[in-house]
Structures are given as structure tokens and as C-alpha cells.
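User: I would like to learn how the labels used for a protein structure are earned. Could you take me through some of them?

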Amino acid sequence: MIQRTKIQGIVGRKLEKILACLLLAGLCLSACTFQNKPYTLSTASLSPTAPPTETAPDLETQQRATETETIAPSLPARLLQSEELEEKFRKLEADLGIDQEDIGYVFLDLASQEYWGKNLDRPFLAASVIKLPAALLSYEWAAAGRVDLSLPITIEEEDLELGTGPISAAGVGHTYTVEELLQAAIVHSDNTAFLALDRMWKQMGWLVPNMDQRYGLHYGDKRELTPRECLNFLWEFYDNPQQIPGYATLENYMKNTSYPAMAATYIPVPVARKYGKNGGFYHDVGIVYGDRPFAFAIFTKNLAYPAEAIGQLNLAFYQYSQTLED
């Protein structure tokens, strides 16, 4: 009897070990399955598999990646003190009938990394200017394998918003890739395209907080930007330190926007720009590619002729850039 009990005890312990091993294996399998599960969009007509993951990076590599995602790019810019510029723009604003409270702008010489402007830290409703840093971060994630630019997204009723662009005009039920939506959002400032992308970003839980951290913005607080805040993402776009291939595509989109020229009106060289318009707010930001490239961000509120004012201000920036030497 004692012997039988002893045997039963041994068998019981072996069974417990076997069950424990099976449970551990099941948990590992479940974890692996979760980690490799591709993100999908609930309303997409298809859910393609994400690019295969490579060997997991070591801890140091993971830490570097986290730092890259959460720290705004380092722009070693210096604030330029210039009485010449102050006087030039004071006269220009007077000629244009601009109230100084209703404008903010910044000029960044990309060679010297010196910048100058007015109301640099005054917040303005961002309007569609925010589509530029959102696109920049999307292409960065695509290069890292976190966003699939070929993922199809079907336009839903909640995405529709009146405005310009072919996707807004086409209405619900049509399916586009992420790349096609990005193109429409930048070239035509298509709000429906952007809202469909925003639905994807929200399901991924990434965009706004990561964008604010990545570029040092406060957009997530009140949907606002300041002229100075634009310097980080404009510099990142121009300098492209990570050699992200999608930035070249984005530059082409920005050089071929369908909206009236505004900041490019009087500029004789290529301009890559993203405009924004919402109610009385008219803005334009971008890069002017000439012998002396520069970045600009011009924000306006309730001006009588905002497009003309933005065009004249950027022309003054361009003329000043032509006087600079290395």
C-alpha cells in the first residue's frame, strides 16, 4: 500500500511537470504570435501581412531607437539679431496693412542655421500645416517597417469632410493605399484622405503624441503650432539625417501642390510647401531651393489679403537670402 502511494506520488509529480511545461510552451507561443501579429485596419478591405521582422535587436539598440522616437531632432540654430531685417519687415507690414498681432513668421538660413522672425512663440491654429509633420513621421515609420504604405483603407462616412481633393469628392466606399492618401493630403490638402489616415493612426495609437515628442510640438494640446516649433520638422525634412527615402516623394508632392501659390507666388526657384487654411487662418510653411536654400513658416490670422501678404513676406525672405554669403 505504501509502495503504491509512493508510485502514485511520483507519477503525480511527473504529470505536474509535464502540465507546467505545456502551459509554458503555450504562453510562449501566444506571446510570439502577438508580437508578430501585423497591425490591421478594421475597415480596410484587406489586411496584408506586415513586413517580416528581423532578429530582435539587443537592449542598447532598442534604447537608441526609443531615444530617436521621443527626442526632437537637434537643430543647432542660432537666433539672428538684425536691425536691417527688423526695419525691412516693419515697413513691409505697414505697406500691407498688417496688424502685428495677427502674424507670426520665421526664416531659417539652412547654410548657417541662423533664424529670425516675429512672434516666434505665438500659437496659431495649425490647420492643414499639421499634415506635413504627420506625413514626415509616417514615412519614417514606413522606412522602419512600422507602416505599410500599400495597406488599403476604405473611406467611411466618419472620414468625410468638405474641402478640396479628389478623395473628398469621390465619397465613401472607395479604397486607397496609405501612399495614395498621403499624396492627396499633401498635394490637394484633402481632409477626407487625412481623416482616413488619422483613423489608422488612432488604431495604432501612435501619431499625435509621438509627433509632438519627435518634433517638439504642442499640437496635441490645442491643435496649435508656433512659428519656432516648425523649425524642427522643416530642418528634419531638409537635412534628412536618417536618409528616409520617402522624403524625396514627399518633396515632389510639396512642389506640386494644387492650391494657389501663396508663399511661392513671387519666388523664381522651386518651393516645397504645405499650406493651411481654416476660417480666418491662412498659413504656409516649407523650403525654398535656390543658391541659398532657406526654410520658412508664415502664420496669419484675419488678414484682408492673406495670400498676397504671405507671398510678399516670403519674397522678402528670398531677397534677403540672396544677400547672404558663407
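**Cores, rings and a helix**

Analyst: Happy to! The largest nonpolar core has 63 residues, and Leu181, Phe237 and Leu250 touch the most other members. This is a predicted model, where local features need pLDDT of at least 70 and side-chain atom pairs count only at pLDDT 80 or more, while totals for chains, interfaces and linings use all residues. Residues are numbered from 1 along each chain as its sequence is written, and side-chain values use heavy atoms, leaving out hydrogens and water.

User: What makes a set of residues a nonpolar core?

Analyst: Its members are buried Ala, Val, Leu, Ile, Met, Phe, Trp, Tyr and Cys residues joined through side-chain atoms within 4.5 Å. A second, separate core of 27 residues includes Leu85, Phe89, Tyr259 and Ala316.

User: Why is Trp235 called buried, and why does Tyr238 count as partly exposed?

Analyst: Buried means under 20% relative accessible area, exposed means over 50%, and partly exposed is in between (1.4 Å probe, protein chains only). Trp235 has a relative accessible area of 9%, so it is buried. Tyr238 has 32%, so it is partly exposed.

User: How do you know that helix 10 is largely enclosed by the rest of the structure?

Analyst: Helices here are DSSP runs (H or I, at least four residues), strands are runs of E with at least two, and both are numbered from the N terminus. Helix 10 covers residues 230-239, and 8 of its 10 residues are buried, so the rest of the structure largely encloses it. Among the buried ones are Cys230, Asn232, Glu236 and Phe237.

User: Why is the pair of Phe89 and Tyr105 called tilted?

Analyst: Rings of Phe, Tyr and Trp (its six-membered ring) pair if their centres lie within 6.5 Å; planes under 30 degrees apart are stacked, over 60 edge-to-face, and the rest tilted. Phe89 and Tyr105 are 5.4 Å apart centre to centre with 35 degrees between the planes, so they form a tilted pair. Phe89 is in helix 3 and Tyr105 in strand 2, so the pair ties together parts 16 residues apart in sequence.

User: What makes Lys274 a charge over the ring of Tyr275?

Analyst: The rule asks for NZ of Lys or CZ of Arg within 6 Å of the ring centre and within 35 degrees of the ring normal. Lys274 lies over the face of Tyr275 at 4.0 Å from the ring centre, so the distance fits. Lys255 likewise lies over the face of Tyr289, at 4.7 Å from the ring centre.
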